[in-house]
Amino acid sequence: MGGIIRGTTDPELRGWLTETLSRSLGPEAAKLAVLSIHINSDKMYAFVELNSIELTSAMCQLDGIKFKNEVIKVRRPNDYRPELISEESLAPIPGPY
């Protein structure tokens with residue numbers, strides 16, 4: 001995720017992601033969705049690891065969402081392997097965001 005505001009903490013970003021994902025996954029599933037977060041405040045990005053490739057792909061649909069009034073860029077990781085994902089599992093994350 002690019003465009004993360006300097007000073008953003010892991011609990012802030014994790015809480016926002018959990019809240020955003022709970023709209024489509026439900027609160028209990030969303031709590032388990034984020035495995036880890038690494039924030040580089042100097043370069044204003046974060047690596048977010050989710051619990052499945054399918055959820056990671058769906059998360060890319062949030063590209064352009066606002067966090068702390070800033071537009072966030074959501075991109076796939078460099079080691080993204082689309083051949084591991086079935087067509088049926090690529091359902092969009094429903095809004096509103």
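The following paragraphs lead from the overall fold to helix 1, then to one of its residues, and finally to the largest pocket.

The structure is a predicted model. The protein contains 3 helices and 4 strands, and along the sequence these elements appear in the pattern α-α-β-β-α-β-β. Of its 97 residues, 31% count as buried. Among contacts with a separation of 6 or more, 57% join residues that are 24 or more positions apart.

Helix 1 covers residues 10-25, a total of 16 residues. At 1.5 Å a residue, a helix of this number of residues should span 22 Å; the C-alpha atoms at the ends of helix 1 are 21 Å apart, and the two values therefore agree. Directly after helix 1 comes Gly26, which has a positive phi, near 95°.

Which residues of helix 1 are buried? They are Leu13, Trp16, Leu17, Thr18, Thr20 and Leu21. The cover over these residues is drawn from several parts of the chain: it includes helix 2 (27-33) and helix 3 (53-59), together with strand 1 (34-40), strand 2 (45-50) and strand 3 (66-67).

One residue of helix 1 may be followed in detail. Thr20 lies in this helix, and its relative accessible area is 4%. Since buried means under 20% relative accessible area, Thr20 is therefore classed as buried. The side chain of Thr20 reaches the backbone oxygen of Trp16 at 2.8 Å, and Trp16 is itself among the buried residues of helix 1. When residues up to four places away in sequence are not counted, Thr20 touches Leu62 and Ile65.

The discussion now turns from buried side chains to empty space. Rolling a probe the size of a water molecule over the atoms reveals where such space remains. In this model, the largest pocket holds about 560 Å³ of space. It is lined by 23 residues, of which Val48, Thr56, Arg75, Arg76 and Pro77 are the closest to its centre.

Which elements supply at least two residues each to this lining? Strand 2 and helix 3 both do, and strand 2 gives the most, with 6 residues. Strand 2 and helix 3 are also included in what covers the buried residues of helix 1. By residue type, the lining of the largest pocket divides into 13 nonpolar, 6 charged and 4 polar residues.

Key: Residues are numbered from 1 along each chain as its sequence is written. This is a predicted model: local features need pLDDT of at least 70, side-chain atom pairs count only at pLDDT 80 or more; totals for chains, interfaces and linings use all residues. Side-chain values use heavy atoms; hydrogens and water are left out. The expected span of a helix is 1.5 Å times one less than its number of residues. Buried means under 20% relative accessible area, exposed over 50%, partly exposed in between (1.4 Å probe, protein chains only). Contact means heavy atoms within 4.5 Å. On a 1 Å grid over the protein atoms alone, a cavity is a set of points where a 1.4 Å probe fits but cannot get out, and a pocket is an open set with protein on both sides within 12 Å along at least five of seven lines; lining residues have an atom within 4 Å of a point. Grid points are joined across faces, edges and corners, and a volume is the space filled by probe spheres set on the points. Ala, Val, Leu, Ile, Met, Phe, Trp, Tyr, Cys and Pro count as nonpolar, Asp, Glu, Lys and Arg as charged, and the others, Gly among them, as polar. A polar contact is a pair of N or O atoms within 3.5 Å; within protein, one must be able to donate a hydrogen and the other to accept it, and residues adjacent in sequence count only if both atoms are side-chain atoms.
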